[in-house]
Every structure is written in C-alpha cells, then in structure tokens.
Amino acid sequence: MLTFDFAILFFILGMAVSFNKSLSYIFALFGAISCTFVGFEGYINGFSYQINLFNGLSLNIGIDKISAVFLIIAYVCFSAIALYSIDFGKLFSKTMSFLINLTMLSMLFIFCAKDAITFLVAFEITNISLFFLILEKSNSYKQAYKFLAFSEGSSVLLMIAFAIIFAHSGTFLFQAYQNNYLFALFAFLGFIIKMDIVPTHVWIGQTYSKAPSNIAAILSVPLTLVGTYGVFRVFSLEKSVFLAIIAVILGALSAFWGALQSARETQLKTLPAYSTVENNGMILASLGVSMLARYSNLNILADFSYLTAIFLIISHSLSKTTMFLSIGHAKETLQKENIDDVAGILKNVSKSAGFGILISGLSFSAVPPLIGFVSEWMLLESLFQSYKFQDNFFKLIVTFAGILIALAIGLSSFGIKKLVGFSSLGKSIQTIKKIPDFTIKLAENLMSALVILSGIFSFLIVFYLGYNNFLDGILGVPKPALIVSGRPIFGVVSPFMFAIVFGFLLFFTLLLKFSNKKIKTVTPWVGGLKLKENEMYNTRGYSFIVEYVLRGIYRTKEKDTYVESYDVSNLIYQGLEILFKKLSYFLSKYIMNGNLNYYIAYIIAMFIIALFVFKL
C-alpha cells in the first residue's frame, strides 16, 4: 500500500530534520494524514504483508476493519496535534519534534501488527518516547516515572499473555490466539491499564497536568486508543462471558468514579483527565454489553452496542483532543494551572481556544446535535434494552451498569459545566504572554468543526461503518437521517433534523438580537445580598455541594478558609509505596548489602532452578 510507505517515509523525514522544529512537525502532519488515508483504504480493501529481517525473523503487518477504524480515529487526532505543534512546539526543545514523529510511527505499527513481536517492540518504543515527552516540562520526573511504571506493568501482562500462546502453539502470530482463555485474561488486564480503567488511573491526574498540552492530548486519546484497540482484539479472539461481565462492571465503576472525581476537581487539566477515565469506562461497558448480547443470541442489540462503543471512541477522541489543545493554548498564554485563574479565555486569549473549550464541553455534556450527545444517547439506549436478556444475572448486571452510567453522565455534565463556565465564559482580564498561535488556532477550529459536523452527520458514519439496519426514515425525517436503536424500533434520534431546527431558531434569535429593540439586563440574584467587588463565586464554591453531600467518599475536610477532598483510590498505591519502600530497605540492608556470600548463594540457587526448568 503506497500510502503506508509514504506515512513511514514522512515520519522518518520528520525525525531526520528535527533540528528544524517547524519542518519536522510538518512532516509529522503529512505522515498523520497519510495514516488516515491508510485507514480509509484498509477499511475497504484491507492488506497484509511480511517484512523479512534476518534469519527467519520477520515483521507481519496488516489491516482489517478493526485496525482501520482505530487508525482513522487516532490519526485524525494526530493530524490536529501535529498541526497545533508547529507553533506550540516552538515553546519546547527540538527533541519533542523527534519524539512526536517516533511516537506516531510506532503507533502505526501497533495498529497494524499481526504478530506479538512487532506489537511489543512498537508498544515499548511508544512508552519510552512518551516518557521522554513528559520530561519536556521541568520538574516532571516523578510524573514521568509514574506513567512508565503503569506502562511497564501493562507490558509485563501482555508479555505473559503472548508467552502463553507461544508455549501452546509455537508461534507469535495473532491468528493462533483464538479461544485461549488464559491469553485473553492476561491481555485484557494489560490493555485496560492502558485505558486508565479504575483503579489503574491514579497516575493520570498529576501526569496530564504536568505534561505539555499536546502530549497530554496524546496520552488522553491515541494512547488510550491503544488499550481500547487491544480490548476489541481480545474480544474478537475469545468470546468469554466472564470477561464480558468484568468489562461491564469495571467499565460502569470506572465511568462513575471518573465522573465523581471530575465533579470536585478545580485544576485546569486534571478535570478532563478524570473525564478520560469516565469516557473509557463507558466504552468498556458498552463493549461488554455487546459481548453479553452476542452470547445471548441478541444479535441486533449486540451490533448496536458494538456500534455504540465505536461512537463513544469517536466522540471521546474528537472532543478530548479539542479540549486539551484549547486548554493548552490558554494555559501557556496565561501561565496558570487553576480553573479560577483562567477566566475569560474566550475574550482574553482567543476566540478559537474559548470556542474549543465550549464546544468540547457541550459535547461531553451531551448537548444535541454534537457527537457526544449521539454517543451517550446510543449508550443509554443499549442499557435500556437490558430487559431483552433472558438470563436474570445478565439483566441485573446491565441494569446495575445503567444506574452507575446514568449517574456518571449527570456528574460529568456538572464537572464539565464548571470547566466551561469558569474558564471559557468568565470575564476576568488577565496578563497575557504572547505566543505564536496561527497553527494553534487552525487546529482548534478544525477540531471544533469536526465535533459539530460528526454529530450532525452521524448517520453518514453509521452508513460508512456498514450498519445500515440502524438507519431509517419515519415521522417526517427522510431516510437515512434517522438513527434507530433496535429492530423492531426501540428509540430514534436525528441530530441532522435537530441541527436544521436549531439553525432556524438561532437565525431568529440573532435577528432579534441585532434588531433595534432594547435589551434589558439585570444583576444576578445572590441570596438578596449585593456582591462586593472582592467577592466572587469560584469553582470550589460550585463544587462544595457535591463535596459536602458525598463527604464520606471524598473524605471532605473543612479547614478555616478552604476545603480539602481527594481521590481515595490513591490510598491503595500510597500503601503499596510504603510497603515497597520497607521491602527495599530490608533487601538493601540484609541481602543486597555487598556481602559476597549472598551473591554466591543467589547464583547457585538460580543455577539449580535453571537446571530444573530446562530439564522440564
């Protein structure tokens, strides 16, 4: 495939000319666009070939419909990130441009790998590249090592999974991995770490906040897509009911926990980081419901839930990339970390950054006709159809997931409104640091447009993916502009028609606004009291009602002038950290203390164990 070769060539050229940062990012942009075309071509025709290295060692590359979908989504976002980085990257070293090209190249091989060796090599290169990219910000060693620790935990589990298959079949080709439960279990656990599923999410808050914003966008979208892609692959190889149930439960808990934490957060990049946990939880739960429906011979519900998972991926990827790029623009311009300190982005920083935060926030709040609305409507429709399961246990699990996810959607909307309202729509005038921002604005506007258009024309996405049985035309809506959630029809929605109606309403509203009629404005009611100049309603005040009502979960503590609350799941890792420090101290003092006798005993013990292993 010629576009595949072009993509590799562009990324290599991008690395070679990293001494010229702008040129390097331009090659990264060309490479990402080429990869997007590879995805479109691969979805229709597919391809597969082998690259022989030496002595029988080869890399097996190929694309099918699953990898093509992930390639398109990931590299549309990578294209925006590369365009954004042409100006944004001027704030950082030349190494960043080299590593971004390397990351894009290695992820291409992850999505196209057809054997474990190719996948693991690309996977490790991605992890190491991102580790050094996080270090582009000063004083970020702790956050970078946390990222690396969880990434290597994922790698170890995947290596065990692939080793199980190699021991069983003598090959590393993925096609040999079907119907092996032990492989599926380890691979599933390895991939959900990459999806930041609870409780493996604890590193993201500090790391996303510390990393440069274009890198935070990569961590939140293309990197978590690797985990999601892996789970899709696992379920395509092993139809395990147990793993499907685990996916539904973990996904629902993760969605709820991520939304719960985003509702109390006040940091500019930590709040969307928790939103990533929530979104990936919903994707995992939807995929689990699809597997349970398939097992129960509810094929229409299975197809619809599978399509829902893809829509959730599209929604999360487009909206979260838009949000992180826009937030990064504001953060670098205002040099602030707290949401309260960046009020007035729309007026003070740029229209594109403010609009990007607004549109992505509305999408996450499921406002029609945006893509976030379509995907969350589809998810709720999938869960509402739990009554179709004959097995009462399945019915109970899916209903339980539905309750948690409904709560998550409400809490997430609460948190995102706080982010949008206090940052993009505020009025404060800030001291602004001028940065070059032509390509930054271009990337923000393109992504905002994609969030809007992918929602309005979502029926075309359904059509392209081949799920025509979920398109119809009733109630005056022309076919195929209506999306249906089941056969016989269970629920319907038409973002396209909603956009037309909304367009008319917007037109008449603007007509009234620009007419000569007088507009009356009033002071907001604040409990009957007049607001003093030094008083303001801030994000902590906005969140306090949730922090107080749920004080048992948040461990809320009221201090003299402020309130403390935190993610209690961190306590697990703090306990582990203390345990490992004590263990490390014990080993260094009593065993690894330079005493030659201990080392000789260790060598002899390993020699004896090796003899037994090879004999077996």
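**A walk through the model: two buried residues, a small sheet and two pockets**

With a relative accessibility of 0%, S326 counts as buried, since the cut-off for that label is under 20%. Keep in mind as we go that this is a predicted model. S326 sits in helix α13, which covers residues 299-334. What does the side chain of S326 reach? It gets to the backbone oxygen of T322, at 2.8 Å. Looking past residues up to four places away in sequence, you'll find S326 touching S352, A353, G356, I357 and E444.

Helix α13 turns up again when we look at the second largest pocket, because we can go from a single residue on that helix to the space it helps to line. Along with α13, the helices α2 (21-44), α3 (65-88), α18 (438-456) and α19 (458-464) each supply at least two lining residues. Which helix gives the most? That's α3, with 6 residues. The pocket has a volume of about 580 Å³, and 21 residues line it, with F40, I72, V76, I314 and I461 the closest to its centre. Sort the lining by class and you get 18 nonpolar residues, 3 polar ones and no charged ones.

Now for the largest pocket, which holds about 800 Å³ of space. Its lining is made up of 28 residues, and K146, V202, W203, Q206 and N570 are the ones closest to the centre. Two or more lining residues come from each of α6 (141-169), α8 (204-210), α12 (270-295) and α23 (570-590). How does this lining split by class? Here you have 10 nonpolar, 11 polar and 7 charged residues.

Back to single residues, and to A122 in helix α5, which runs over residues 116-134. Is A122 buried or exposed? Its relative accessibility is 4%, so A122 counts as buried. Setting aside neighbours within four places in sequence, A122 is in contact with S106, F109 and I110. For a sense of distance, take G153: A122 and G153 are 31 residues apart in sequence, and their C-alpha atoms are 16 Å apart in space.

Finally, the strands. There is an open sheet of 3 strands in the order β3-β4-β5, and the pairing is antiparallel. At the edges are β3 (471-472) and β5 (492-493), each of which pairs on one side only. Strand β4 (residues 482-484) pairs with β5 over 2 bridges, in the antiparallel sense. To find one of these places in the model, start at V484, whose bridge partner in β5 is V492.

Methods
Residues numbered from 1 in each chain as written. Predicted model: local features only at pLDDT ≥ 70, side-chain atom pairs only at ≥ 80, totals over all residues. Heavy atoms only, no water. Helix = DSSP H or I, 4+ residues; strand = E, 2+ residues; numbered from the N terminus. Buried < 20%, exposed > 50% of the residue type's maximum accessible area, 1.4 Å probe, protein only. Contact = heavy atoms within 4.5 Å. Polar contact = N/O pair within 3.5 Å; in protein donor to acceptor, adjacent residues only side chain to side chain. Pairing = 2+ DSSP bridges. 1 Å grid on protein atoms, 1.4 Å probe; cavity = no way out; pocket = protein on both sides within 12 Å on 5 of 7 lines; lining within 4 Å. Points joined across faces, edges and corners; volume = space filled by probe spheres on them. Nonpolar A, V, L, I, M, F, W, Y, C, P; charged D, E, K, R; others polar.
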